[in-house]
Amino acid sequence: MIQLEQVSLTMGENVILQDVSLQLAKGQSLGIIGPNGAGKSTLLQVLGGHLTPTAGKAFLDQKPIDSYRKKDLAKRVAFMQQIANVSGQFTAYETVMLGRYPFLSRFQMESERDHEICEKSMERTCTLHLRDRNLEEVSGGERQRILLAQVLAQEPELLLLDEPTTYLDMFHQLELLTLLNQAQKDGLTWVAVLHDLNLAAQYCDQLLLLSDGKVVQIGRPQEIFSSHLLEEVFGVRVTVVDVPGLPVPQIVISPKWIAYQNS
């Protein structure tokens, strides 16, 4: 479904992405991991068609992403940004209804089906009880779940999420990622920037380790965790452990956590 061929992106004199290549099949999930400033959010912007590569090509179903009309792309790809540009004066329900706008023509009123989709999305994200609250009146975690309901209401084939677990407590982090996995079983393809490596390993089919705009490694969580690349990229000494009941390993920060020090 997604294919990047040696994608590079330069802004001014800064190289943000360099020779990034990847493939992701329909119905799979990808977690993008890496240190701050690695280019993770920029890569999502390229996948969503918000940024055009300086070199290389990005494809959605074998068609260049930059060749899609914006409205046609919005019918297939939804983007949950880290900082959403949504007015705090909107109610939660109005915010979720924004996800239906790619399917409405100018001056067309929302249909009964549009309202059904929005209510279902709010039920799935446990936000229906907030429907009449303004965004400025809800907590950060509640706002995050409302924004998830919005992109689910868009009924995308591909969902891009930039740090979706921000502001969420442990329960709601797990709830959100479980919801994504459930939607994945219905054919959803999703890509998320995640800072919690253990959660990324538990919920993503593949991980892409990014550093300084370059792909260090892409593969199954077991492959990423079994190498010494995490220590090299993050500069933190970790131990890989098997946890009963989990099909993938987890990492534990070592007591002497600094992996590399200047002598």
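Me: What makes the crossing of helix 4 past helix 5 right-handed?

Reply: Helix 4 passes helix 5 in a right-handed crossing, a label given when the near helix is turned clockwise from the far one by less than a right angle, whereas an anticlockwise turn makes a crossing left-handed. Both elements carry numbers counted from the N terminus, helices being DSSP runs of H or I with at least four residues and strands runs of E with at least two. The model is predicted, so that local features need pLDDT of at least 70 and side-chain atom pairs count only at pLDDT 80 or more, while totals for chains, interfaces and linings use all residues. Residues are numbered from 1 along each chain as its sequence is written, and side-chain values use heavy atoms, with hydrogens and water left out.

Me: Why are helix 4 and helix 5 called oblique to each other?

Reply: They pack at an angle of about 140°, with their axes 8 Å apart, where axes are lines fitted to C-alpha atoms over the stretch in contact and angles run from 0 to 180 degrees between N-to-C directions. Angles under 35 degrees count as roughly parallel, over 145 as roughly antiparallel, 65 to 115 as roughly perpendicular and the rest as oblique; helix 4 and helix 5 are therefore oblique.

Me: Which residues of helix 4 and helix 5 meet, and of what class are the residues in this contact?

Reply: From helix 4 come Ile 117, Cys 118, Ser 121 and Met 122, and from helix 5 Ala 149, Leu 152 and Ala 153, contact requiring heavy atoms within 4.5 Å. By class, the contact holds six nonpolar residues, one polar residue and no charged residues, given that Ala, Val, Leu, Ile, Met, Phe, Trp, Tyr, Cys and Pro count as nonpolar, Asp, Glu, Lys and Arg as charged, and the others, Gly among them, as polar.

Me: How do you know whether Ser 121 is buried or exposed?

Reply: Buried means under 20% relative accessible area, exposed over 50%, and partly exposed in between, with a 1.4 Å probe and protein chains only. Ser 121, which lies in helix 4, has a relative accessible area of 2% and is therefore buried. Not counting residues up to four places away in sequence, Ser 121 touches Ala 149, Leu 152 and Ala 153.

Me: What makes the pairing of Asp 114 with Arg 100 a salt bridge?

Reply: A salt bridge needs a side-chain nitrogen of Lys or Arg within 4 Å of a carboxyl oxygen of Asp or Glu, and the side chains of Asp 114 and Arg 100 meet at 2.9 Å, N to O. Asp 114 lies in helix 4 (residues 112-124) and Arg 100 in the loop between helix 3 (92-97) and helix 4, so the pair ties together parts that are 14 residues apart in sequence. By this rule the count comes to 10 salt bridges.

Me: Why does Arg 100 count as buried or exposed, and how does Glu 155 count?

Reply: Arg 100 counts as buried because its relative accessibility is 2%, whereas Glu 155 is partly exposed, with a relative accessible area of 39%. Arg 100 forms a salt bridge with Glu 155, the closest N and O atoms being 3.5 Å apart. Since Arg 100 lies in the loop between helix 3 and helix 4, and Glu 155 in the loop between helix 5 (140-153) and strand 7 (158-162), this pair ties together parts that are 55 residues apart in sequence. Arg 100, Arg 113, Asp 114 and Glu 155 are linked in a network of salt bridges. The backbone of Glu 155 has a positive phi of about 50°, although this residue is not a glycine.

Me: What makes Arg 131 and Glu 119 a salt bridge?

Reply: Their closest N and O atoms are 3.5 Å apart. Arg 131 is in the loop between helix 4 and helix 5 and Glu 119 in helix 4, so the pair, 12 residues apart, links distant parts of the chain. Arg 131 counts as partly exposed at 26% relative accessibility, and Glu 119, at 31%, is partly exposed as well.

Me: How do you know that helix 1 is mostly covered?

Reply: Seven of the eight residues of helix 1 (residues 40-47) are buried, including Thr 42 and Val 46. Leu 9 of strand 1 (residues 2-11) is in contact with residues including Thr 42 and Val 46, and counts as buried at 4% relative accessibility.
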